[in-house]
Amino acid sequence: MSLQPGQVVQELGWHEEVDDDIRVAIEDAVDSDLLDEDADEVADVVLLWWSDEEGDLVDALVDSLTNLAERGSVVLLTPKAGRDGHVPPSEVVEAALAAGLHGTSTFSAGQDWSATQLVAPRSGRK
């Protein structure tokens, strides 16, 4: 995830099944607590926990952009294949594109979760 100390991370979609080891590792990497869904601060990274049965992923991704810094990223955490709530990669790609995002990488995040890092396309060079 390329997290650095001092970065602000907002967590969305927390529920009892999330992996607390991942949360602690992120807090350790940024040397700070995660902001919750009600925070108004600008976030460098938005951590979005998402499972298949939770509704519309496009809406959740659009909502995740609310407090995201201009060059920030969304880290979408979904259950791995074969786990309850798995979201097929094709759905992640389709939802990301519909929300104006594109994936930069997908990687394993713990035993049960996959992470996809999403960013907004940059518009032209300056």
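**Notes on a predicted model: pocket, cores and a few residues**

1. Let me start with the second largest pocket, which holds about 230 Å³ of space. Keep in mind that this is a predicted model. The pocket has 18 lining residues, and those nearest its centre are Pro89, Val92, Val93, Thr106 and Thr116.

2. Where does the lining of the second largest pocket come from? Strand 3, helix 3, strand 4 (102-109) and strand 5 each put in at least two residues. Helix 3 is the biggest giver, with five residues. By character, the lining splits into 10 nonpolar residues, seven polar and one charged.

3. On to the packing. The largest nonpolar core has 18 residues, and the members touching the most others are Leu48, Leu57, Leu61, Val74, Leu76, Leu101 and Leu118. Two or more residues of this core come from each of strand 2 (43-49), helix 2 (57-64), strand 3 (68-79) and helix 3 (89-98). Separate from that core is another one, made of 15 residues, including Val18, Leu47, Trp49 and Trp113. As a general point, nonpolar side chains in soluble globular proteins tend to be buried together.

4. Val74 is worth clicking on. Setting aside neighbours within four places in sequence, valine 74 contacts Val46, Leu48, Leu61, Ser64, Leu65, Leu68, Leu101, Thr116, Gln117 and Leu118. Among those partners, Leu48, Leu61, Leu101 and Leu118 also appear in the list of core members that touch the most others.

5. Leu76 is another one to look at. Leucine 76 sits in strand 3 and counts as buried because its relative accessible area is 0%, against a cut-off of under 20%. Leaving out residues within four places in sequence, its contacts are Leu48, Trp50, Leu57, Val92, Ser114, Ala115, Thr116 and Leu118. Two of these, Val92 and Thr116, are also among the residues nearest the centre of the second largest pocket. For a distance to check on screen, the C-alpha atoms of leucine 76 and alanine 96 are 9.8 Å apart, with their positions 20 residues apart along the chain.

6. How many aromatic pairs turn up in the whole structure? The search finds one. Tryptophan 49 and tryptophan 113 make it, in an edge-to-face arrangement with 4.8 Å centre to centre and 80° between the planes. Tryptophan 49 belongs to strand 2 and tryptophan 113 to strand 5 (residues 113-119), so the pair ties together parts that are 64 residues apart in sequence. Both partners are buried: tryptophan 49 has 0% relative accessibility, and tryptophan 113 has 5%.

7. Now the loop between helix 1 (20-30) and strand 2, where leucine 35 is placed. Is leucine 35 buried or exposed? It counts as buried, because its relative accessibility is 16% and the cut-off is under 20%. Not counting residues up to four places away in sequence, leucine 35 touches Val8, Val9, Gln10, Glu11 and Glu41. The C-alpha atoms of leucine 35 and glutamine 10 are separated by 4.4 Å, although the two residues are 25 apart along the chain.

8. Last, a backbone point in that loop. Aspartate 31 also lies between helix 1 and strand 2, and its phi is near 60°, a positive value in a residue other than glycine. With a relative accessible area of 64%, aspartate 31 is exposed, whereas leucine 35 is buried.

Terms used:
Residues numbered from 1 in each chain as written. Predicted model: local features only at pLDDT ≥ 70, side-chain atom pairs only at ≥ 80, totals over all residues. Heavy atoms only, no water. Core = buried A, V, L, I, M, F, W, Y, C linked by side-chain atoms within 4.5 Å. Buried < 20%, exposed > 50% of the residue type's maximum accessible area, 1.4 Å probe, protein only. Helix = DSSP H or I, 4+ residues; strand = E, 2+ residues; numbered from the N terminus. Contact = heavy atoms within 4.5 Å. Phe/Tyr/Trp six-rings, centres within 6.5 Å; stacked < 30°, edge-to-face > 60°. 1 Å grid on protein atoms, 1.4 Å probe; cavity = no way out; pocket = protein on both sides within 12 Å on 5 of 7 lines; lining within 4 Å. Points joined across faces, edges and corners; volume = space filled by probe spheres on them. Nonpolar A, V, L, I, M, F, W, Y, C, P; charged D, E, K, R; others polar.
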